[in-house]
Amino acid sequence: MNEVSLEMKKPHILVVEDDAEMRETLSDILVENGYEVETAGEGKEALTLAGKEKFAICLTDLKLPGISGIKVLEEIKRINPEAYAIIITAFASKETAIEALKAGAYSYIEKPVNMEELLHIIKRASASYQLQEEKKRAEEELRKNEEKLKNVFASVTDGITVTDLNANIIDCNQATVDMSGFSSREEILGRSAFEFIAPQDRQRAKENTMKTLKQCFLKDLEYICLTKDGYEFPVLMSPSVLRDAHGNPTAFVAVTKDITERKLAEGELEKYLKELERANRDMEDFTSTVSHDLKAPLRTIQAFSMLIMEDYSDSLDETGRDYLNMVKEAVERMNMLIEDLLTLSRVGRKFSEVETVDLNELLEEIKSDLSARIEERGGEVVEVGKLPTVSTQRVWLKELFTNLIDNGLKFNKTNKPRVEVSGEEADKNYLFRVKDNGIGIEEKYQANIFNLFERLHAQSEYEGTGAGLAICKKIVEELGGAMRVESKTGEGSTFFFTMPRN
Amino acid sequence: MIIRVLHVDDEPADLEITRVFLKREGKYDFEIVSVLSAEEALKRLKEERFDVIVSDYKMPGMSGLELLEELRCNGNEVPFILFTGKGGEVVKKAAFNMGADIYIAKNGGPANQCSELARTMRELVKEKINY
């Protein structure tokens, strides 16, 4: 840009004059007036210079030795048609003037040269030349931009369609042609854009056209479109309005994206999700049914062992009564296992309504429920800091905390079992911690403790089914959080779990 | 007063448990007739009079609900208790719609269960007499 304006400040002038004195005078005056000047004493030299450099103005004497002034100006015009030629002539006559103008001269000036007049003519020619150059440059720029735009228009993979205000197509790109199944752009031009929209969406599309006119732009309208052969395909269309300088609407432009593949992918995903949901439901139904079916014969065993124990124990010896006791205990354990299985199958399925739960209150309730165990062990359950109030499914949060606290008290050999509960609000999650001073978990077992029915100790040592932590983990995961443990043998365990805040 | 009970269940052990634990309930004398199918129950009902029917839900052949429907369609209004381990809310609702008087889920220990059954039967029969 700088280069251009520099060139514009100093138009390049070629002075062709055989009279050395005159040549010098003209050159000096022009240089003084800010022009860049080259001189030549005869035609041949002038043409050589014109071949090397581009001159805006050529000031030439008509009468030159060798090649004539007319010839020089003709050649210069051939080399640079935009150049302005001004003829200096001592033989002022209508004929020579007409001849010079015919040959393409811009103007002529008579000898003896009136310098003021000359400068005036040169100034005008120079202004015209600059204007012309500027216009040429602007046109070139415009052409380049148009070319660029045309390339973009042609190469984008989304369809671009321009219509008049009656929605008749006046232009479109190759992507539109490909999408519609027509063989050329010409086949599409002149058709109504609504022809390409499936009948079920046509009315909506017409309404949206009116809306576009009011709002200028609508984004991602979902339509079913039609190909030339009537095949339907889903698209997202974003129409906008083009306006003239006065703000009056002149045309619509719509960008159309074919979303067939996205829809297919979404369909696949939905299918898998449904299958997964069904598999999960089947699994839960299976667990539930099996558990119920297992419970019926168990009740029978329980009832008859009770009857034998109560009504026929006199007929048994000590060993017989021991055996019967073992049956009774096994039945109780089996009952607990089945209950745990049922609980596990209910987590995620029978979630109750979300409610606001003050965890400080919930903890008091749990303490009261566990009071027998706390008293029996002489232990304590302590809140460290204030617990948050959360929106959640109360039943399951209670089950979760109860299990963890009960474990902390149960797997504990100290004289004063202690379980600490704390909770804090992090960025996106609540972070909870249940810490005990119990027996701890050996590192090699830590990875397995969340498995169903995983027990690390003999039933005689610590009662339970080994389902508690599996249930806890499932609850945390159903609530959208994660759970882990840190523990050292003999030093207690800390269970950490998160819960999303929303 | 003797309450005559017709107990229908395809599981002989369940019939026996109920019989024994109801006997233990004492105060009232329950005279219990135990049958292993709904079809057999219908046969007995034609021949004898009962104060209350206690029926399982799921049985091979005619189910407890079908038995209830058959009775009510024929104008038999004898108090009916559906006593089942399988069922849940759907069955419970269907039972009440068809005119069952009480739904008891088989859950928990036999002693408590039969104690609840006995209490319920007494109330039903008392209600019927007062009515």
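Me: A residue counts as buried under 20% relative accessible area, as exposed over 50%, and as partly exposed in between. This is a predicted model. Is A:R185 exposed or partly exposed?

Reply: Let's go by the percentage. The relative accessibility of A:R185 is 30%, and the range between under 20% and over 50% is called partly exposed. That makes A:R185 partly exposed.

Me: Which residue does A:R185 meet in a salt bridge?

Reply: The side chains of the pair come together at 3.4 Å, N to O. The partner has a relative accessibility of 54%, so it counts as exposed. The residue that A:R185 meets is A:E186.

Me: How far apart are A:K274 and A:E270 along helix α10 of chain A, in helical turns?

Reply: These two form a salt bridge, with their closest N and O atoms 4.0 Å apart. A:K274 is exposed at 54% relative accessibility, while A:E270 is partly exposed at 46%. Because they are four residues apart in the helix, the separation is about one helical turn.

Me: Which strand holds the residue that A:R418 meets in a salt bridge?

Reply: The partner is A:E380, and the bridge spans 2.8 Å from N to O. A:R418 itself lies in strand β14 (residues 418–425) of chain A, so the pair ties together parts 38 residues apart in sequence. A:R418 is partly exposed at 28% relative accessibility, and A:E380 is partly exposed at 26%. The strand that holds A:E380 is β12 of chain A.

Me: How many salt bridges does the structure hold over all chains?

Reply: The pairs above are a sample, and there is also a network of salt bridges linking A:K54, A:E82, A:E133 and A:K136. Over all chains, the count is 44.

Me: Now for the inside: what is the volume of the largest cavity?

Reply: Rolling a probe the size of a water molecule over the atoms shows where empty space is left. The structure holds three cavities of 30 Å³ or more. The largest of them has a volume of about 400 Å³.

Me: How many of the residues lining the largest cavity are charged?

Reply: The lining has 27 residues, and those closest to the centre are A:A193, A:I197, A:M237, A:A254 and A:T256. Elements of chain A that each supply at least two residues include β6, α7 and α9. The lining divides into 18 nonpolar and nine polar residues, and the number of charged ones is none.

Me: Which element gives the most to the lining of the second largest cavity?

Reply: This cavity, of about 160 Å³, is lined by 14 residues, with A:R299, B:D14, B:I17, B:K106 and B:P110 nearest its centre. The lining divides into six nonpolar, five polar and three charged residues. Chain B takes part too, as its α1 (12–25) and α5 (110–130) each supply at least two residues. With four residues, the element that gives the most is α10 of chain A.

Me: Back on the surface, where in chain A is A:L165 placed?

Reply: A:L165 forms a nonpolar patch with A:M210 and A:L213, and together they have about 260 Å² of accessible area. A patch residue needs over 30% relative accessible area, and A:L165 is partly exposed at 38%. Its place is the loop between β6 (159–163) and β7 (169–172).

Technical notes:
Residues are numbered from 1 along each chain as its sequence is written. Chains are lettered from A and ligands numbered from 1 in the order in which they are written. This is a predicted model: local features need pLDDT of at least 70, side-chain atom pairs count only at pLDDT 80 or more; totals for chains, interfaces and linings use all residues. Side-chain values use heavy atoms; hydrogens and water are left out. Patches are made of residues with over 30% relative accessible area and no salt bridge: like charges are joined within 9 Å, nonpolar side chains (Val, Leu, Ile, Met, Phe, Trp, Tyr) within 5 Å. Accessible areas come from the Shrake-Rupley method with a 1.4 Å probe; for residues, only the protein chains shown count as cover. Buried means under 20% relative accessible area, exposed over 50%, partly exposed in between (1.4 Å probe, protein chains only). On a 1 Å grid over the protein atoms alone, a cavity is a set of points where a 1.4 Å probe fits but cannot get out, and a pocket is an open set with protein on both sides within 12 Å along at least five of seven lines; lining residues have an atom within 4 Å of a point. Grid points are joined across faces, edges and corners, and a volume is the space filled by probe spheres set on the points. Ala, Val, Leu, Ile, Met, Phe, Trp, Tyr, Cys and Pro count as nonpolar, Asp, Glu, Lys and Arg as charged, and the others, Gly among them, as polar.
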